[in-house]
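Open the model in your viewer and keep the sequence panel handy. We'll go stop by stop, with something to select at each one.

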Amino acid sequence: MTNTFSRQVLPTPEALRPWVTGIGSVSVGAGSAEPYVQLPDTATAVVFRVGENGRRSTLVVGPRTRASYHHGKRFASYLEMRLAPGTTRPLLGVPAVDLVGRMVPLDELAAAPARRLARELRDLEPEEVVPHLARSFPGLSAAADRSRTALVTAGADALSMRTGRVPGAVRDVARELAVSERQLRNLFAEGVGLSPKHYARINRVRAVLAQADDVPWAQLAATTGYYDQSHMTTDFRSLMGVPPRSFFTGRLPAARPCRAALAGR
(Lines give C-alpha, C1' and ligand atoms only; values in the text may rest on other atoms or scores of the structure.)
Protein backbone atom coordinates (compact mmCIF):
# COMPACT_ATOMS: atom_id res chain seq x y z
CA MET A 1 0.00 0.00 0.00
CA THR A 2 1.52 3.33 -1.05
CA ASN A 3 0.26 6.88 -1.06
CA THR A 4 0.10 8.70 -4.40
CA PHE A 5 2.37 11.61 -3.56
CA SER A 6 6.06 12.46 -3.73
CA ARG A 7 8.08 13.52 -0.71
CA GLN A 8 11.44 15.24 -0.69
CA VAL A 9 13.54 15.54 2.46
CA LEU A 10 15.05 19.02 2.69
CA PRO A 11 18.19 19.99 4.62
CA THR A 12 17.59 21.39 8.10
CA PRO A 13 19.63 24.54 8.76
CA GLU A 14 21.96 24.30 11.74
CA ALA A 15 20.08 27.05 13.55
CA LEU A 16 16.84 25.05 13.42
CA ARG A 17 18.17 21.68 14.61
CA PRO A 18 17.43 22.28 18.32
CA TRP A 19 13.81 22.97 17.34
CA VAL A 20 13.08 20.84 14.27
CA THR A 21 13.65 17.12 13.65
CA GLY A 22 12.98 17.23 9.93
CA ILE A 23 11.74 19.31 7.01
CA GLY A 24 9.94 17.79 4.06
CA SER A 25 8.35 19.02 0.86
CA VAL A 26 5.36 17.05 -0.44
CA SER A 27 3.75 17.32 -3.87
CA VAL A 28 0.49 15.55 -4.63
CA GLY A 29 0.26 13.85 -8.00
CA ALA A 30 -2.68 13.77 -10.37
CA GLY A 31 -5.99 12.78 -8.84
CA SER A 32 -6.27 9.12 -7.91
CA ALA A 33 -9.23 7.00 -6.93
CA GLU A 34 -7.11 5.09 -4.42
CA PRO A 35 -7.32 6.04 -0.75
CA TYR A 36 -4.30 7.45 1.00
CA VAL A 37 -3.18 6.85 4.54
CA GLN A 38 -2.48 9.19 7.40
CA LEU A 39 -0.12 7.20 9.60
CA PRO A 40 0.01 7.40 13.38
CA ASP A 41 2.55 10.09 14.20
CA THR A 42 4.24 11.24 17.40
CA ALA A 43 5.27 14.67 16.11
CA THR A 44 3.62 18.06 16.08
CA ALA A 45 4.29 19.82 12.79
CA VAL A 46 3.93 23.28 11.31
CA VAL A 47 2.68 22.93 7.74
CA PHE A 48 2.74 25.53 4.96
CA ARG A 49 0.15 24.40 2.42
CA VAL A 50 -0.47 25.55 -1.15
CA GLY A 51 -3.88 24.69 -2.55
CA GLU A 52 -4.80 23.84 -6.11
CA ASN A 53 -5.97 27.43 -6.55
CA GLY A 54 -2.62 28.78 -5.28
CA ARG A 55 -4.05 29.85 -1.92
CA ARG A 56 -1.57 29.48 0.95
CA SER A 57 -2.29 28.57 4.57
CA THR A 58 -0.23 27.75 7.64
CA LEU A 59 -1.44 24.96 9.89
CA VAL A 60 -0.42 23.24 13.09
CA VAL A 61 -0.88 19.47 12.92
CA GLY A 62 -0.80 17.65 16.24
CA PRO A 63 0.23 14.06 17.00
CA ARG A 64 -2.05 11.39 15.60
CA THR A 65 -2.77 8.35 17.77
CA ARG A 66 -4.12 6.03 15.04
CA ALA A 67 -4.11 5.69 11.27
CA SER A 68 -6.93 7.04 9.12
CA TYR A 69 -7.81 6.46 5.46
CA HIS A 70 -9.09 9.14 3.09
CA HIS A 71 -10.33 10.05 -0.37
CA GLY A 72 -10.35 13.51 -1.85
CA LYS A 73 -7.11 15.51 -1.85
CA ARG A 74 -7.67 19.24 -1.91
CA PHE A 75 -4.15 20.67 -2.04
CA ALA A 76 -1.24 20.75 -4.46
CA SER A 77 1.80 20.76 -2.16
CA TYR A 78 3.00 21.53 1.31
CA LEU A 79 6.13 22.16 3.33
CA GLU A 80 6.22 20.37 6.69
CA MET A 81 8.45 21.16 9.67
CA ARG A 82 8.37 18.49 12.37
CA LEU A 83 8.95 20.03 15.79
CA ALA A 84 11.39 18.42 18.20
CA PRO A 85 10.02 16.92 21.44
CA GLY A 86 9.58 19.57 24.10
CA THR A 87 9.55 22.59 21.75
CA THR A 88 5.82 23.01 21.07
CA ARG A 89 5.14 25.30 24.03
CA PRO A 90 8.12 27.66 23.56
CA LEU A 91 7.44 27.93 19.81
CA LEU A 92 3.63 28.03 19.76
CA GLY A 93 2.67 28.84 23.35
CA VAL A 94 0.56 25.72 23.89
CA PRO A 95 1.36 22.26 25.32
CA ALA A 96 1.51 19.46 22.77
CA VAL A 97 -1.32 17.57 24.51
CA ASP A 98 -3.74 20.34 23.43
CA LEU A 99 -3.00 19.58 19.76
CA VAL A 100 -3.40 15.79 19.68
CA GLY A 101 -5.59 14.72 16.76
CA ARG A 102 -6.09 18.31 15.61
CA MET A 103 -5.21 20.32 12.50
CA VAL A 104 -5.59 24.02 13.28
CA PRO A 105 -4.81 27.19 11.32
CA LEU A 106 -1.84 28.76 13.08
CA ASP A 107 -3.58 32.11 13.51
CA GLU A 108 -6.53 30.45 15.29
CA LEU A 109 -4.41 29.35 18.25
CA ALA A 110 -5.03 31.78 21.10
CA ALA A 111 -1.44 31.87 22.36
CA ALA A 112 0.62 34.96 21.53
CA PRO A 113 3.65 33.07 20.12
CA ALA A 114 1.45 31.26 17.57
CA ARG A 115 -0.30 34.44 16.47
CA ARG A 116 3.02 36.26 16.16
CA LEU A 117 4.45 33.46 14.05
CA ALA A 118 1.34 33.46 11.85
CA ARG A 119 1.78 37.20 11.19
CA GLU A 120 5.44 36.72 10.30
CA LEU A 121 4.69 33.96 7.82
CA ARG A 122 1.54 35.38 6.25
CA ASP A 123 3.18 37.14 3.29
CA LEU A 124 6.18 34.91 2.73
CA GLU A 125 6.74 32.82 -0.38
CA PRO A 126 7.20 29.08 0.34
CA GLU A 127 10.94 29.24 -0.38
CA GLU A 128 11.32 32.07 2.16
CA VAL A 129 9.80 30.20 5.10
CA VAL A 130 12.75 28.06 6.24
CA PRO A 131 15.37 30.86 6.00
CA HIS A 132 13.04 33.14 7.96
CA LEU A 133 12.54 30.60 10.74
CA ALA A 134 16.27 29.87 10.86
CA ARG A 135 16.72 33.53 11.78
CA SER A 136 13.80 33.84 14.21
CA PHE A 137 13.64 30.53 16.14
CA PRO A 138 17.04 30.83 17.90
CA GLY A 139 15.82 34.03 19.53
CA LEU A 140 13.15 32.01 21.35
CA SER A 141 15.66 30.04 23.43
CA ALA A 142 14.92 32.13 26.51
CA ALA A 143 11.33 30.88 26.44
CA ALA A 144 12.38 27.25 26.68
CA ASP A 145 12.94 25.37 29.93
CA ARG A 146 16.11 23.66 28.79
CA SER A 147 16.20 21.09 31.57
CA ARG A 148 12.63 19.92 30.84
CA THR A 149 13.27 19.89 27.11
CA ALA A 150 16.43 17.84 27.64
CA LEU A 151 14.49 15.28 29.70
CA VAL A 152 11.76 14.98 27.07
CA THR A 153 14.36 14.61 24.32
CA ALA A 154 16.25 11.93 26.24
CA GLY A 155 13.03 10.09 27.06
CA ALA A 156 11.85 10.18 23.45
CA ASP A 157 15.19 8.84 22.26
CA ALA A 158 15.13 6.00 24.79
CA LEU A 159 11.58 5.04 23.76
CA SER A 160 12.36 5.09 20.02
CA MET A 161 13.58 2.41 17.66
CA ARG A 162 17.23 2.66 16.70
CA THR A 163 19.39 0.32 14.62
CA GLY A 164 20.14 -2.72 16.75
CA ARG A 165 18.16 -1.41 19.74
CA VAL A 166 14.51 -1.71 20.73
CA PRO A 167 12.70 0.90 22.87
CA GLY A 168 13.23 0.67 26.61
CA ALA A 169 10.42 -0.07 29.08
CA VAL A 170 8.80 3.06 30.50
CA ARG A 171 9.80 2.23 34.08
CA ASP A 172 13.42 1.68 33.01
CA VAL A 173 13.52 4.95 31.05
CA ALA A 174 12.12 6.86 34.04
CA ARG A 175 14.76 5.30 36.27
CA GLU A 176 17.54 6.24 33.83
CA LEU A 177 16.31 9.86 33.78
CA ALA A 178 16.01 9.96 37.58
CA VAL A 179 12.31 10.87 37.47
CA SER A 180 9.19 9.01 38.55
CA GLU A 181 6.93 7.38 35.97
CA ARG A 182 4.30 10.00 36.81
CA GLN A 183 6.79 12.81 36.15
CA LEU A 184 7.73 11.19 32.85
CA ARG A 185 4.07 11.02 31.83
CA ASN A 186 3.62 14.71 32.69
CA LEU A 187 6.74 15.67 30.74
CA PHE A 188 5.51 13.75 27.71
CA ALA A 189 1.99 15.20 27.92
CA GLU A 190 3.32 18.74 27.68
CA GLY A 191 6.30 18.14 25.41
CA VAL A 192 5.01 15.40 23.07
CA GLY A 193 1.26 15.16 23.65
CA LEU A 194 1.23 11.39 24.17
CA SER A 195 1.91 9.08 27.07
CA PRO A 196 5.37 7.47 27.00
CA LYS A 197 3.73 4.09 26.34
CA HIS A 198 1.70 5.32 23.38
CA TYR A 199 4.73 7.17 22.01
CA ALA A 200 6.72 3.91 22.05
CA ARG A 201 3.86 1.95 20.44
CA ILE A 202 3.58 4.38 17.53
CA ASN A 203 7.33 4.44 17.06
CA ARG A 204 7.46 0.64 17.01
CA VAL A 205 4.59 0.25 14.54
CA ARG A 206 6.21 2.79 12.23
CA ALA A 207 9.37 0.67 12.40
CA VAL A 208 7.28 -2.32 11.29
CA LEU A 209 5.91 -0.25 8.40
CA ALA A 210 9.41 0.81 7.36
CA GLN A 211 10.93 -2.70 7.43
CA ALA A 212 8.08 -4.99 6.38
CA ASP A 213 9.09 -5.27 2.72
CA ASP A 214 12.42 -6.90 3.52
CA VAL A 215 11.96 -9.02 6.66
CA PRO A 216 9.78 -12.10 7.43
CA TRP A 217 7.00 -11.39 9.92
CA ALA A 218 8.40 -13.47 12.79
CA GLN A 219 11.85 -11.96 12.39
CA LEU A 220 10.38 -8.47 12.14
CA ALA A 221 8.49 -8.98 15.41
CA ALA A 222 11.74 -9.99 17.14
CA THR A 223 13.83 -7.12 15.73
CA THR A 224 11.23 -4.52 16.70
CA GLY A 225 11.00 -5.79 20.28
CA TYR A 226 7.69 -7.64 20.31
CA TYR A 227 7.29 -10.81 22.37
CA ASP A 228 6.16 -12.67 19.24
CA GLN A 229 4.43 -12.20 15.90
CA SER A 230 0.98 -12.40 17.49
CA HIS A 231 1.73 -9.45 19.79
CA MET A 232 3.05 -7.44 16.82
CA THR A 233 -0.11 -8.18 14.82
CA THR A 234 -2.36 -7.12 17.71
CA ASP A 235 -0.52 -3.84 18.22
CA PHE A 236 -0.42 -3.13 14.50
CA ARG A 237 -4.16 -3.76 14.14
CA SER A 238 -4.89 -1.48 17.11
CA LEU A 239 -3.06 1.49 15.58
CA MET A 240 -3.54 0.84 11.85
CA GLY A 241 -7.08 -0.59 11.83
CA VAL A 242 -6.07 -3.77 9.99
CA PRO A 243 -3.46 -6.52 10.54
CA PRO A 244 -0.10 -6.20 8.74
CA ARG A 245 -0.90 -8.67 5.92
CA SER A 246 -4.12 -6.84 5.07
CA PHE A 247 -2.41 -3.46 5.08
CA PHE A 248 0.41 -4.49 2.78
CA THR A 249 -1.91 -6.25 0.33
CA GLY A 250 -4.20 -3.22 0.09
CA ARG A 251 -7.16 -4.59 2.06
CA LEU A 252 -7.80 -1.37 3.96
CA PRO A 253 -10.62 0.06 6.06
CA ALA A 254 -13.21 2.13 4.22
CA ALA A 255 -11.80 5.51 3.21
CA ARG A 256 -13.65 8.67 4.10
CA PRO A 257 -13.73 12.05 2.34
CA CYS A 258 -11.53 14.67 3.96
CA ARG A 259 -10.85 18.03 2.38
CA ALA A 260 -8.19 19.07 4.88
CA ALA A 261 -6.16 15.89 5.32
CA LEU A 262 -2.43 15.84 4.75
CA ALA A 263 -1.09 12.83 2.88
CA GLY A 264 1.26 10.53 4.65
CA ARG A 265 1.32 12.14 8.08
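One cut-off before we start: a residue is buried when its relative accessible area is under 20%, exposed when that area is over 50%, and partly exposed in between. Keep in mind as well that this is a predicted model.

**The whole chain**

Show everything as a cartoon. You should find 10 helices and 9 strands in the chain. Of its 265 residues, 48% are buried. Now think about contacts between residues at least 6 apart in sequence: 68% of them join residues at least 24 apart.

**Helix α4**

Select residues 146–158, which is helix α4. How far apart should its ends be? With 13 residues at 1.5 Å a residue, the expected span is 18 Å, and the end C-alpha atoms are indeed 18 Å apart, so the two agree.

Next, colour Thr149, Val152, Gly155, Ala156 and Ala158, the buried residues of α4. What covers them? Among the elements doing so are α5 (170–176), α6 (181–191) and α7 (196–211). We'll visit each of these.

**From α4 across to α6**

Stay on α4 and show the side chains of Arg148 and Glu190. They meet in a salt bridge, 3.3 Å from N to O. Glu190 is in helix α6 and Arg148 in helix α4, so this pair ties together parts that are 42 residues apart in sequence. Is Glu190 buried, exposed or partly exposed? Its relative accessibility is 27%, so it falls in the range from 20% to 50% and counts as partly exposed. Arg148, at 33%, is partly exposed too.

Now click on Gly191, also in helix α6. At 9% relative accessibility, Gly191 counts as buried. Leaving aside neighbours within four places in sequence, Gly191 is in contact with Pro85, Gly86, Thr88, Ala96 and Val152. You coloured Val152 a moment ago as one of the buried residues of α4. Then draw a distance from the C-alpha of Gly191 to that of Pro95: the two residues are 96 apart along the chain, yet these atoms are separated by 6.4 Å.

**Helix α5 and the loop after it**

Select Asp172 and Arg175. Here is another salt bridge, with the closest N and O atoms 2.9 Å apart. Both residues are in helix α5, 3 residues apart, which puts about one helical turn between them. Asp172 is partly exposed at 28%, while Arg175 is exposed at 57%.

Move on to Ala178, in the loop between α5 and α6. What is its phi? Ala178 has a positive value of about 60 degrees, although it is not a glycine. With a relative accessible area of 68%, Ala178 is exposed.

**A salt-bridge network reaching α7**

By the rule used here, the model has 8 salt bridges. For one that links distant parts of the chain, show Asp41 and Arg206: Asp41 is in the loop between β3 (36–38) and β4 (45–50), Arg206 is in helix α7, and 165 residues separate them. Their side chains meet at 3.8 Å, N to O. Asp41 is buried, with a relative accessible area of 1%, whereas Arg206 is partly exposed at 29%. Add Arg82 to your selection, and you have a network of salt bridges linking Asp41, Arg82 and Arg206.

**Where α7 meets α9**

Last stop: keep α7 on screen and bring in helix α9, residues 229–240. Two packed helices are described by the angle between their axes and the distance between the axes. For α7 and α9, the axes come within 10 Å and cross at roughly 105 degrees. That makes α7 roughly perpendicular to α9.

Show the side chains where they meet. On α7, pick His198, Arg201, Ile202, Val205, Val208 and Leu209; on α9, pick Met232, Asp235, Phe236, Ser238, Leu239 and Met240. The residues of this contact divide into 8 nonpolar, 2 polar and 2 charged.

Finish by centring on His198 in α7. Is His198 buried or exposed? At a relative accessible area of 15%, it is buried. Beyond its neighbours within four places in sequence, His198 is in contact with Thr65, Arg66 and Leu239.

Note on methods:
Residues numbered from 1 in each chain as written. Predicted model: local features only at pLDDT ≥ 70, side-chain atom pairs only at ≥ 80, totals over all residues. Heavy atoms only, no water. Helix = DSSP H or I, 4+ residues; strand = E, 2+ residues; numbered from the N terminus. Expected span 1.5 Å × (residues − 1). Buried < 20%, exposed > 50% of the residue type's maximum accessible area, 1.4 Å probe, protein only. Contact = heavy atoms within 4.5 Å. Salt bridge = Lys/Arg side-chain N within 4 Å of Asp/Glu carboxyl O. Axes fitted to C-alpha atoms, helices over the stretch in contact; angles between N-to-C directions. Parallel < 35°, antiparallel > 145°, perpendicular 65-115°, else oblique. Nonpolar A, V, L, I, M, F, W, Y, C, P; charged D, E, K, R; others polar.
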